Each structure stands twice: as C-alpha cells, then as structure tokens.
Amino acid sequence: MNFNMQGMLKQIQKMQEEMAKVQAELENKTVTEESGGGMVKVVANGKKEIISITIDDEIIKSGDKEMIEDLIVAAVNKALQSAGKLAEEEIGNITKGMLPPGFNIPGF
C-alpha cells in the first residue's frame with residue numbers, strides 16, 4: 001500500500017474548507033417543531049440557535065403557566081434535536097467516504 005501524505009493533506013484541507021462553508025450555511029437553514037398539537041411552535045437554525053417561539057393565543061388565555069412552560073420545553077427540545085440531525089447530515093455529506101466508519105467529529 002502506497003501512502004501519499006501530500007494527497008491526504010490536500011484532502012483534509014479541502015474537507016476543512018467545505019466544513020467551514022457548511023457551518024456558515026447552517027445558520028440560514030431552519031427546522032420547525034411543535035408541541036401541544038401546534039399550540040407552541042419553535043424555529044431553530046442548523047447551529048442549534050432558537051430563532052423564534054410562537055405560542056397560540058388560546059393557550060395563553062388558559063392561564064395554565066405550568067402547561068405552557070412544559071409545551072415550550074418540549075418544542076424547544078424537539079427543535080434542537082432536529083437542528084442537530086440537520087447539522088449531522090450536512091457535515092456527514094462532506095466527510096462521507098473520507099473518514100473511517102464510526103469515526104465521529106466532536107460537536108457534530
């Protein structure tokens with residue numbers, strides 16, 4: 001087996017450039033999740049930042065503070081999980097075939 005260090009370094013550099021580009025693009029990609037049958041909606045971007053939270057007027061009128069809080073937590077957790085999956089998929093498209101199976105990059 002012939003090992004080409006220069007070729008590998010070029011491949012790593014290209015992967016780093018592509019990852020930086022994807023990370024920048026993730027800020028503009030969003031996911032929307034909801035809880036309570038759509039009474040609370042949360043939008044997050046691919047960088048796992050919450051962009052907006054929408055709460056239905058009817059649930060606010062109910063005055064049930066604990067239920068509202070629980071629905072917000074549930075929707076936020078779903079949105080962050082979906083944003084994480086989005087980021088994993090985008091980064092995975094770059095690293096596909098370049099890294100050994102089971103090799104994970106921390107933070108992604």
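Start by selecting Ala 44 and Ile 50: Ile 50, in β3, is the bridge partner of Ala 44. Before you go on, note that this is a predicted model, in which local features need pLDDT of at least 70 and side-chain atom pairs count only at pLDDT 80 or more, while totals for chains, interfaces and linings use all residues. Residues are numbered from 1 along each chain as its sequence is written, and side-chain values use heavy atoms, with hydrogens and water left out.

**The sheet**

Keep Ala 44 selected and add Val 31, whose bridge partner in β2 is Ala 44. Now colour the strands (DSSP runs of E, at least two residues, numbered from the N terminus; helices are runs of H or I, at least four residues). You should see an open sheet of 3 strands in the order β1-β2-β3, paired antiparallel. The edges are β1 (30-35) and β3 (50-55), each pairing on one side only. From one strand to the next, the twist averages 15°; axes here are lines fitted to C-alpha atoms, for helices over the stretch in contact, and angles run from 0 to 180 degrees between N-to-C directions. Strands count as paired if DSSP finds at least two bridges between them. β1 and β2 are joined by 6 bridges, and β2 (residues 40-45) and β3 by 5 bridges.

**The turns**

Next, click on Gly 36. Gly 36 sits in the turn of the β1-β2 hairpin, which has 4 residues between its strands, and has a positive phi of about 65°. Then hop to Lys 48, in the loop between β2 and β3. What is phi of Lys 48 near? The value is near 65°, positive in a residue other than glycine. For context, most residues other than glycine have a negative phi. Lys 48 counts as partly exposed because its relative accessibility is 46% (buried is under 20% relative accessible area, exposed over 50%, partly exposed in between; 1.4 Å probe, protein chains only).

**Ser 35 and its neighbours**

Go back to β1 and pick Ser 35. Buried or exposed? Ser 35 is buried, with a relative accessible area of 6%. Show what is in contact with Ser 35 (heavy atoms within 4.5 Å). Leaving aside neighbours within four places in sequence, you'll find Val 40, Leu 71, Ala 74, Ala 75 and Lys 78.

**Glu 69**

Now select Glu 69 in helix α3 (residues 65-95). The Glu 69 side chain makes a polar contact with the side chain of Lys 65 at 2.7 Å (a pair of N or O atoms within 3.5 Å; within protein, one must be able to donate a hydrogen and the other to accept it, and residues adjacent in sequence count only if both atoms are side-chain atoms). Glu 69 is partly exposed, at 37% relative accessibility. Draw a distance to Val 40, 29 residues away along the chain: the C-alpha atoms are separated by 9.9 Å.

**Helix α1**

Last stop: α1. In α1, Met 15, Met 19, Val 22 and Leu 26 are buried. Look down the axis: the buried residues of α1 fall within an arc of 65°, so they line one face of the helix (the arc is that of the directions from the helix axis to the C-beta atoms). On the other side of α1, the exposed residues are Gln 6, Lys 10, Gln 16, Glu 17 and Lys 21.

**Zooming out**

Show the whole chain: 3 helices and 3 strands, running α-β-β-β-α-α from the N terminus. Of the 108 residues, 26% are buried.
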